[in-house]
Amino acid sequence: MASGQVRRYKIGKVSIGKRADVFVTEQLPKFSRSALKGLFDKNLVTLNDNDVKAGHKLSSGDTLKVDTSLLSVVPEPIDIPVIYEDKDVIVMNKPAGVLTHSKGILNTEPTVASFIEPKLTNKSLKGNRAGIVHRLDRATSGVIIAAKNESALKYLQNQFSTRKVEKTYLAVVEGVPLPAEAIVDAPIERNPKKPQTFRVGANGRPAQTRYKVLKMLSGSSNLSLLELRPMTGRTHQLRVHLKYIGHPIAGDHIYGHGDENMYLHAKSLEVTLPGGRWMKFEAAEPKIFKDFCR
């Protein structure tokens with residue numbers, strides 16, 4: 001545990017039986033309980049010099065130490081190409097490898113959310129997902145839109161939730177799907193054996209993906225280039241559906257076969273902006289994607 005920002009608390013009678021995370025939240029009211037739970041997860045909180053779980057009940061005379069250094073960490077600056085920007089929204093071409101927002105409340109890695117944070121005009125937008133309307137997986141590149149204020153955020157989120165946006169992706173997949181054009185209609189649920197992943201399952205939420213084979217790629221590998229149009233917006237939907245039909249995305253180490261790169265690109269997004277103007281935004285595939293398809 002670092003020594004520069006360690007706070008020490010002696011537990012008195014009034015805190016007997018209190019959960020450790022509840023106690024720490026009371027001592028650090030500027031931070032949410034979920035944010036402070038991240039300190040427990042990283043073993044930055046000790047009880048009598050031993051690691052302690054968030055739910056541990058405190059006893060009189062205990063000494064709790066909290067290393068708060070991560071709470072003040074600011075992500076390094078990141079540069080993301082901007083496709084369009086106005087007073088309400090910002091549209092970007094997200095590079096592969098960049099997270100849309102941090103996975104936990106403690107945000108120490110540069111993300112799309114940290115890039116847009118200085119551009120937000122509404123101070124009510126707070127947290128590691130402030131301004132985020134929708135997300136792209138870390139390994140996915142391409143068009144993503146964010147909101148600068150709360151009214152724009154709600155306006156755009158409503159379009160996504162009611163399926164009034166049009167999203168088009170390009171993907172290199174293993175093999176050649178037959179028929180060459182179809183709709184995959186299969187519900188998606190969380191995989192209980194691997195909770196960070198998803199699968200097709202009868203208890204899942206409805207999900208539909210339209211695909212079209214654009215071409216077979218030359219060379220020794222049995223690969224093809226597809227256009228994908230998700231008709232719903234489930235987490236990992238495209239990746240799960242393509243695995244389900246036996247043609248996982250090339251380089252998908254979770255649902256297919258691992259590689260340094262996953263070849264999935266958000267090519268375009270059609271959406272109505274606050275004020276009522278319909279627009280289509282496009283992003284060219286990254287060089288590594290184009291080179292792979294040659």
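Strand β14 (264–272) is largely enclosed by the rest of the structure, because seven of its nine residues are buried, buried being under 20% relative accessible area, exposed over 50% and partly exposed in between, for a 1.4 Å probe and protein chains only. Strands (E, at least two residues) and helices (H or I, at least four) are DSSP runs, numbered from the N terminus. The structure is a predicted model, in which local features need pLDDT of at least 70 and side-chain atom pairs count only at pLDDT 80 or more, whereas totals for chains, interfaces and linings use all residues. Residues are numbered from 1 along each chain as its sequence is written, and side-chain values use heavy atoms, with hydrogens and water left out.

Strand β14 pairs with β7, β8 and β15, where pairing requires that DSSP finds at least two bridges between two strands. Strand β7 (residues 141–147) runs parallel to β14 and is joined to it by two bridges; here G142 stands opposite A266. The pairing of β8 with β14 is antiparallel and extends over six bridges, with H265 of β14 as the bridge partner of L170. Strand β15 (residues 278–282) is also antiparallel to β14, over five bridges, and S268 faces E282 of β15 across this pairing. Five residues separate the strands in the hairpin of β14 and β15, where G275 takes a positive phi near 105°.

Strand β14 also contributes to the lining of an internal cavity. A cavity was defined on a 1 Å grid over the protein atoms alone, as a set of points where a 1.4 Å probe fits but cannot get out; lining residues have an atom within 4 Å of a point. Grid points are joined across faces, edges and corners, and a volume is the space filled by probe spheres set on the points. One cavity of 30 Å³ or more was counted, and the largest cavity has a volume of about 40 Å³. Its lining consists of H134, L136, V143, K167, T168, Y169, A266, S268 and L269. Two or more of the lining residues come from each of β8 and β14. By class, the lining comprises five nonpolar residues, three polar and one charged; Ala, Val, Leu, Ile, Met, Phe, Trp, Tyr, Cys and Pro count as nonpolar, Asp, Glu, Lys and Arg as charged, and the others, Gly among them, as polar.

A separate description applies to an open sheet of four strands, which has the order β1-β4-β2-β3 and antiparallel pairing. Its edge strands, β1 (6–10) and β3 (50–51), each pair on one side only. Five bridges connect β1 to strand β4 (residues 63–67) in the antiparallel sense, and R7 stands opposite V66 in β4.

Four aromatic pairs were counted, the rings of Phe, Tyr and Trp (its six-membered ring) being paired if their centres lie within 6.5 Å; planes under 30 degrees apart count as stacked, over 60 as edge-to-face and the rest as tilted. Y9 and F23 form an edge-to-face pair, 5.7 Å centre to centre with 85° between the planes. Because Y9 lies in strand β1 and F23 in helix α1 (residues 20–27), this pair ties together parts that are 14 residues apart in sequence. Y9 is buried at 14% relative accessibility, as is F23 at 5%. Y84 and F281 form a tilted pair, 5.3 Å centre to centre with 40° between the planes. With Y84 in strand β5 (residues 82–85) and F281 in strand β15, the pair ties together parts that are 197 residues apart in sequence. Both Y84 and F281 are buried. Ring pairs further link Y263, F289 and F292 into a cluster.

Several loop residues were also examined. H101, in the loop between β6 (89–94) and α3 (112–116), is buried, with a relative accessible area of 11%. Apart from its neighbours within four places in sequence, H101 is in contact (heavy atoms within 4.5 Å) with T111, A113, N128, R129, I132 and R135. D49, in the loop between β2 (45–47) and β3, has a positive phi of about 70° although it is not a glycine, and is exposed, with a relative accessible area of 55%. R163, in the loop between α4 (150–161) and β8, likewise is not a glycine but has a positive phi of about 60°; R163 is partly exposed, at 45% relative accessibility. The peptide bond from L178 to P179 is cis, with omega near 0°, and P179 is found in the loop between β8 (166–174) and β9 (181–185).

Key
1 Å grid on protein atoms, 1.4 Å probe; cavity = no way out; pocket = protein on both sides within 12 Å on 5 of 7 lines; lining within 4 Å.
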